[in-house]
Amino acid sequence: MKRSTLIKVMFLCTGNSCRSQMAEGFARELGKGILEPFSAGLMAAGVHPRAIAVMKELDIDISRQKSSQIDNDLLKTMNVIITLCVNAEEACPRTPPEIKRIHWPINDPVGTMGSEVKIMKEFRRARDEIRKKVDDFINGLRQDEFKGS
């Protein structure tokens, strides 16, 4: 069953460099035919090379995604806004009440200190948490659509 209109979802984080980029990548890959994903941040910090690397391990290429700052006009066209950090949740501009807001508090791997093994382990942890959340979100949409038909 293919829906006639894609659900526009915006993933928000502080720097739009890691968590929101991974979420957009998963939504683009796993949500084909269901989601039209976007991501943005309170500032644009560039897509983190380690985020690109851990997503590539799952054959998802986010290297061409762009890091961008929140565009209020684009934000107001979304069906769903998902924040992935407290900072983004608190600082996200007001949106009309018909836009659903969801918060997924995922710990940021970017500030991890230590060996490369430890740092990459944290990036994979964040990636895997985000994948599960995106999977659950998409499965919930599919169930809602099935109930409605």
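**Salt bridges along helix α5 and the setting of helix α1**

Asp135 and Arg131 sit four residues apart within helix α5, a separation of about one turn of the helix. In this predicted model, the two side chains form a salt bridge in which the closest N and O atoms are 4.0 Å apart, a value that can be read against the criterion that the nitrogen lie within 4 Å of the carboxyl oxygen. Neither partner is buried: Asp135 has a relative accessibility of 28% and counts as partly exposed, and Arg131 is likewise partly exposed, with a relative accessible area of 31%. Salt bridges that share partners also join Glu57, Arg124, Arg127 and Asp128 into one network.

Side chains of opposite charge can pair when their charged atoms come close. Another case within helix α5 is the salt bridge between Arg125 and Glu122, with an N to O distance of 2.9 Å. Because Arg125 and Glu122 are three residues apart in helix α5, about one helical turn separates them. Arg125, at 22% relative accessibility, is classed as partly exposed, and Glu122, at 26%, falls into the partly exposed class as well.

Which parts of the chain does the pair of Arg50 and Glu116 link? The side chains of Arg50 and Glu116 meet in a salt bridge at 2.7 Å, N to O, and this pair links distant parts of the chain, since Arg50 belongs to helix α2 (residues 49-56) while Glu116 belongs to helix α5 (residues 116-148), 66 residues apart. As for their surroundings, Arg50 is partly exposed at 25% relative accessibility, and Glu116 is partly exposed with a relative accessible area of 43%. By the rule applied here, the count for the structure comes to twelve salt bridges.

Helix α1 (residues 19-30) can be considered through its span and its burial. At 1.5 Å a residue, its twelve residues should span 16 Å, and the end C-alpha atoms are in fact 16 Å apart, so the expected and modelled values agree. Is this helix enclosed by the rest of the structure or left open, and why? Nine of the twelve residues of α1 are buried, and therefore the helix is largely enclosed by the rest of the structure, where buried means under 20% relative accessible area. The buried residues of α1 run through Arg19, Ser20, Gln21, Met22, Ala23, Glu24, Gly25, Phe26 and Ala27, and Arg19 and Glu24 are thus among the buried residues of this helix.

How values were computed
Residues numbered from 1 in each chain as written. Predicted model: local features only at pLDDT ≥ 70, side-chain atom pairs only at ≥ 80, totals over all residues. Heavy atoms only, no water. Helix = DSSP H or I, 4+ residues; strand = E, 2+ residues; numbered from the N terminus. Buried < 20%, exposed > 50% of the residue type's maximum accessible area, 1.4 Å probe, protein only. Expected span 1.5 Å × (residues − 1).
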